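Below are some notes on the pockets and the ligand site, set out as numbered points. Please read them with the model open.

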Amino acid sequence: MLVMDCTLRDGANVVGKGFDARLTKMMIEGMIAAGITTIEMGNCLGLGAYEANGSIAPCTDEEYLQLIQPYLSQAEIGMFLGYKNATQPNVDLAARYGLKFLRIGANAGDGAGACEGIRRVKAAGMKCRYSLMKAYVLSPKELAEEAKMLADCGLDEITIMDSAGTMMPHETEAYTKELVAAVDIPVAFHGHNNLGLSVANAIAAAEAGATVFDCGLLGMARSAGNCATELLVATFQRLGYFKDIDLYKLLAFLDGELIPAMEEYNYHVAVKPFDLILGLAGCHSSFTKRFQNIADEMGVPLYQLIVEVSKRDQKAPSEELIRQIAADLV
Ligand SMILES: CC[C@H](O)CC(=O)C(=O)O
């Protein structure tokens, strides 16, 4: 099971066409520190998309490629690549700067035009992922046939993209099952949140055999956003996955750095880390003050305190119990 964080590509839609260098570095470092190490970055539409008349993102492709250099040994960093931009010069540029993968994208049904690009990426020594954008325009059977054709071109991984956030969990399940049966490469799922179903769809995809899950920090992505990385990690950890990711570190990064930085852009965070913790722990919000006061007084981390106390009592945790568990956390 793998988290594929797309904040630095799809998430940049919330600020324009790409994040600036400061935010890009801040997010890469925050993710790596928390153990999220598969990262798609660059401008919103991918390598080569905005370069024709000089980049309209804050950084050119080459500037993005330069700024990731210090992180290449710590994370699997790659870029999106629209299939029409999968030219030899673009693929060579990515390989020269040490990108670990390129993810070629085309609307479902247009895959035949992408095979040459897939072969170029593979010949340049990079992992080739693929995005079946607007996957819902084909039936699950048709999408699986296209996936099989693309896999035969040499792909390493294929993503079902719910680009409009229109899929219901039972539909996600049907698409995922068909693809998993049709190909022997990992199947990934990229869910937008327009119906508020991105986490439910990720869970449905996992139950149907998907092993890679796209997401964005704070849910940042085009339109209603992607499945929020922190929600994906929290819910999947509850299901027994992603134990190698440090959720508390991730939430501390969001509270301490990213949320304040995104205030500049008036970005609205739908589920704040504190509320996520209440949900994860099963802790009623009416206990907030009690937990906050004791955590402050005893100098213990609030989120861990809520989680640990709630393992013992979700109904009416007493001050005595909270203090007792806080003492263990000191
Ligand atoms: C770059 C095209 C597009 O935004 C890819 C994507 O994230 C989607 O289709 O959802």
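1. The second largest pocket holds about 260 Å³ of space. This is a predicted model, so totals for linings use all residues, whatever their pLDDT.

2. Lining this second largest pocket are 19 residues. Those nearest its centre are Asn193, Leu218, Gly219, Ala224 and Ala270. Two elements, α7 (198–207) and α8 (229–238), give two or more residues each to the lining. The largest share is that of α7, with three residues.

3. By class, the lining of the second largest pocket has eleven nonpolar residues, seven polar ones and one charged.

4. The largest pocket has a volume of about 410 Å³. Its lining counts 22 residues, and Arg9, Cys44, Leu45, Phe80 and Met133 are the closest to the centre. For the strands, β3 (76–82) and β4 (101–107) each supply at least two lining residues. With three residues, β4 provides the largest share of the lining of the largest pocket.

5. The lining of the largest pocket divides into eight nonpolar, eight polar and six charged residues. For the second largest pocket, the corresponding figures are eleven, seven and one.

6. Which pocket does the ligand take up? The space taken by the ligand is the largest pocket. Around the ligand are Arg9, Asp10, Cys44, Leu45, Phe80, Met133, Met161, Ser163, His190, His192 and Arg222. Among these, Arg9, Cys44, Leu45, Phe80 and Met133 were named above as the residues closest to the centre of the largest pocket.

7. The shell around the ligand is made up of five nonpolar, three polar and three charged residues. Its charged members are Arg9, Asp10 and Arg222. The polar members are Ser163, His190 and His192.

8. Which side chains place an N or O atom at 3.0 Å or 3.1 Å from a ligand oxygen? For His190, a side-chain N or O atom is 3.1 Å from an oxygen atom of the ligand. For His192, the distance from a ligand oxygen to a side-chain N or O atom is 3.0 Å. The side chain of Arg222 also has an N or O atom 3.1 Å from an oxygen of the ligand. The ligand on its own has 300 Å² of accessible area, and the protein covers 92% of that.

Methods
Residues are numbered from 1 along each chain as its sequence is written. This is a predicted model: local features need pLDDT of at least 70, side-chain atom pairs count only at pLDDT 80 or more; totals for chains, interfaces and linings use all residues. Side-chain values use heavy atoms; hydrogens and water are left out. A residue is near a molecule or strand if one of its heavy atoms lies within 4 Å of it. A polar contact is a pair of N or O atoms within 3.5 Å; within protein, one must be able to donate a hydrogen and the other to accept it, and residues adjacent in sequence count only if both atoms are side-chain atoms. Accessible areas come from the Shrake-Rupley method with a 1.4 Å probe; for residues, only the protein chains shown count as cover. On a 1 Å grid over the protein atoms alone, a cavity is a set of points where a 1.4 Å probe fits but cannot get out, and a pocket is an open set with protein on both sides within 12 Å along at least five of seven lines; lining residues have an atom within 4 Å of a point. A molecule sits in a cavity or pocket if more than half of its atoms lie within 2 Å of its grid points. Grid points are joined across faces, edges and corners, and a volume is the space filled by probe spheres set on the points. Helices (H or I, at least four residues) and strands (E, at least two) are DSSP runs, numbered from the N terminus.
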